[in-house]
Amino acid sequence: ENQVKTVEPQGAPLKPTRLPYGERAALCKNELAGKLLSLMEKKRSNLSVAADLPTSAEVLALADAVGPHVCVLKTHVDVLSDFTPQFAEQLSALADKHNFLIFEDRKFADIGNTVAMQYGDG
């Protein structure tokens, strides 16, 4: 399990990558990285899910279903055919309810299928 400390020779300090997520979070200078590491410690997971779906309803249903188990939900709102500000509010509420982060993946040099969805529907 990646949460177990390893013993270094003769009292040498543990390398940050070998510390449990919670202890690594305490050492973080970046607030978001610390929050993610704390979340990974709490959920005992580093799972993230890509929600590359065509409608708001599908993304919200996925977020509600996987939310208790994931640390990050990656979205591509530019592919949604029906994006509204209310969708963003609903997704944010689900992130609060299930304690996960939202990562909006914005780039136009993605894999072909994603680029086609970005330019075609979103």
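Here is a walk through this structure, from its overall plan to a few single residues.

The model you are looking at is predicted. Start with the parts list: the chain contains five helices and three strands. If you follow the sequence from beginning to end, these elements come in the pattern α-α-β-α-β-α-β-α. Keep that order in mind as you turn the model, since the following paragraphs move from the strands to the cores and then to the loops.

Let us take the strands together. They make an open sheet, arranged in the order 1-2-3, with parallel pairing. Strand 1 (48-51) and strand 3 (101-104) each have a single partner strand, so they stand at the edges and one side of each has no neighbour in the sheet. From one strand to the next, the twist averages 25 degrees. As background, strands of a sheet pair through backbone hydrogen bonds, and the pairing can be parallel or antiparallel. Here, strand 2 (residues 72-75) pairs with strand 3 in the parallel sense over four bridges. To see one of these pairings for yourself, find L73: its bridge partner in strand 3 is I102.

L73 also leads us into the interior. The largest nonpolar core has 15 residues, and L73 is among those with the most contacts inside it, along with A63, F87, L91 and F100. Strand 1, helix 3 (56-66) and helix 4 (85-98) each contribute at least two residues to this core. A63 is a good place to pause. Setting aside its neighbours within four places in sequence, A63 touches L73, L91, L94, H98 and F100. There is also a second, separate core of eight residues, which includes A25, L37, V72 and L101.

How much of the chain is buried overall? Of its 122 residues, 35% are buried. The chain exposes about 7,600 Å², with carbon and sulfur atoms supplying 57% of that area. Contacts across the sequence add to the picture: among those between residues at least 6 apart in sequence, 64% join residues at least 24 apart.

Two cysteines show contrasting surroundings. C71 is buried, because its relative accessible area is 1%, under the 20% limit. C28 has a relative accessibility of 28%, so it counts as partly exposed. The structure holds zero disulfides.

Now look at helix 3 again, where you will find E58. This residue is partly exposed, at 35% relative accessibility. E58 and L80 are 22 residues apart in sequence, while their C-alpha atoms are 9.7 Å apart in space.

Finally, visit two loops. Most residues other than glycine have a negative phi. Which residues have a positive value here? One of them is R44, with phi near 55 degrees, and another is N99, with phi near 60 degrees. R44 sits in the loop between helix 2 (31-43) and strand 1, whereas N99 belongs to the loop between helix 4 and strand 3. Their accessibility can be set side by side too: R44 counts as exposed at 55% relative accessibility, and N99 counts as partly exposed at 31%.

Definitions and conventions: Residues numbered from 1 in each chain as written. Predicted model: local features only at pLDDT ≥ 70, side-chain atom pairs only at ≥ 80, totals over all residues. Heavy atoms only, no water. Pairing = 2+ DSSP bridges. Axes fitted to C-alpha atoms, helices over the stretch in contact; angles between N-to-C directions. Buried < 20%, exposed > 50% of the residue type's maximum accessible area, 1.4 Å probe, protein only. Contact = heavy atoms within 4.5 Å. Areas by Shrake-Rupley, 256 points an atom, 1.4 Å probe, with all protein chains shown as cover. Disulfide = S-S within 2.5 Å. Core = buried A, V, L, I, M, F, W, Y, C linked by side-chain atoms within 4.5 Å.
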